[in-house]
Amino acid sequence: MKGNQRHTLKVRHRYPQFSKDKRNGLPLEFTFPTDTGSIAERYAMWDMLSRFMDVSQPLPDIPRLEPFRHLDPTTRAFDEAGKRGRPATYWRDLYARVDEKELNRLRDEHHEKVNAAPWGSRPDLMAHSVPGYEDSYTAEPEDVNAYAHAPTKNVRFVERPAAASSDDASDQHDTQR
């Protein structure tokens with residue numbers, strides 16, 4: 001086969017028949033863009049989205065959300081307590097003081113960290129909130145990056161580790177920041 005392989009993270013309403021876009025009649029959905037097509041970036045994007053939706057945790061510390069951190073009560077309390085560990089205008093100041101070459105270096109460094117993260121070893125928090133979720137998906141690629149580049153060639157799938165209790169998952173969530 002010829003062509004490129006790209007993975008995307010697309011979020012759709014659980015009941016698409018009840019969530020039609022009034023302009024075109026299609027189910028509501030949102031595709032999350034990332035810089036590359038690696039599956040590891042999709043895991044990272046899902047992690048960021050999950051943190052965004054968890055109102056008990058501060059907003060993810062990303063440039064796009066910096067102007068809104070003070071509007072979220074949990075995030076405001078987190079930042080005011082000094083737990084963020086950097087100035088409130090960190091991202092704005094970073095973009096103002098560094099040149100394009102340095103930004104590219106920082107992006108490359110970030111991609112390396114994302115691709116090296118052990119995404120498959122993290123607890124599956126969806127299993128705690130969606131009945132029957134584990135029955136539909138029981139294994140994942142042993143190496144998500146190898147799967148991203150050649151999903152049909154020598155890819156080993158491994159059973160997911162048992163999901164931790166919600167207390168264990170929140171403890172692990174806090175230590176990963």
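**Group meeting talk: helix H1 and its neighbours**

Hi everyone, let's begin with contacts. In this protein, among contacts with a separation of 6 or more, 45% join residues 24 or more positions apart. Please keep in mind that what you see above is a predicted model.

Now the overall layout. The protein has 177 residues, and 27% of them count as buried. Its secondary structure comes to eight helices and four strands. If you walk along the sequence, you meet them in the pattern β-β-α-α-α-α-α-α-β-α-β-α. As for the outside, the accessible surface is about 12,800 Å², and carbon and sulfur atoms account for 54% of that.

Let's go inside. Which residues make up the largest nonpolar core? There are five: Leu9, Phe32, Met45, Met48 and Leu49. Helix H1 gives the most to this core, with three residues. For those of you new to this, there is a general idea to hold on to: in soluble globular proteins, nonpolar side chains tend to be buried together.

Take Phe32, one of the five core residues. What does Phe32 touch, once we leave aside its neighbours within four places in sequence? The list is Leu9, Val11, Met45 and Leu49.

Met45 deserves a stop of its own. You will find Met45 in helix H1. Is Met45 buried or exposed? Met45 has a relative accessible area of 15%, and the cut-off for buried is under 20%, so Met45 is buried. Try locating Pro33 as well: Met45 and Pro33 lie 12 residues apart in sequence, and their C-alpha atoms are 8.8 Å apart in space.

So what about H1 itself? This helix runs over residues 39-53. Here is a nice check: with 15 residues at 1.5 Å a residue, H1 should span 21 Å, and its end C-alpha atoms are indeed 21 Å apart, so the two agree. Several residues of H1 are buried, including Ile39, Ala44, Met48 and Leu49. The buried set also takes in charged-type names you might not guess, among them Glu41, Arg42, Asp47 and Arg51.

Finally, another residue of H1, Trp46. Why does Trp46 count as partly exposed? Its relative accessibility is 32%, which falls between the 20% limit for buried and the 50% limit for exposed. Together with Phe52 and Met53, Trp46 makes a nonpolar surface patch of about 300 Å².

To wrap up, H1 holds both Met45, which is buried, and Trp46, which is partly exposed. Thanks for listening, and do turn the structure around yourselves!

Technical notes. Residues are numbered from 1 along each chain as its sequence is written. This is a predicted model: local features need pLDDT of at least 70, side-chain atom pairs count only at pLDDT 80 or more; totals for chains, interfaces and linings use all residues. Side-chain values use heavy atoms; hydrogens and water are left out. Patches are made of residues with over 30% relative accessible area and no salt bridge: like charges are joined within 9 Å, nonpolar side chains (Val, Leu, Ile, Met, Phe, Trp, Tyr) within 5 Å. Accessible areas come from the Shrake-Rupley method with a 1.4 Å probe; for residues, only the protein chains shown count as cover. A salt bridge is a side-chain nitrogen of Lys or Arg within 4 Å of a carboxyl oxygen of Asp or Glu. Helices (H or I, at least four residues) and strands (E, at least two) are DSSP runs, numbered from the N terminus. Buried means under 20% relative accessible area, exposed over 50%, partly exposed in between (1.4 Å probe, protein chains only). Contact means heavy atoms within 4.5 Å. A nonpolar core is a set of buried Ala, Val, Leu, Ile, Met, Phe, Trp, Tyr and Cys residues joined through side-chain atoms within 4.5 Å. The expected span of a helix is 1.5 Å times one less than its number of residues.
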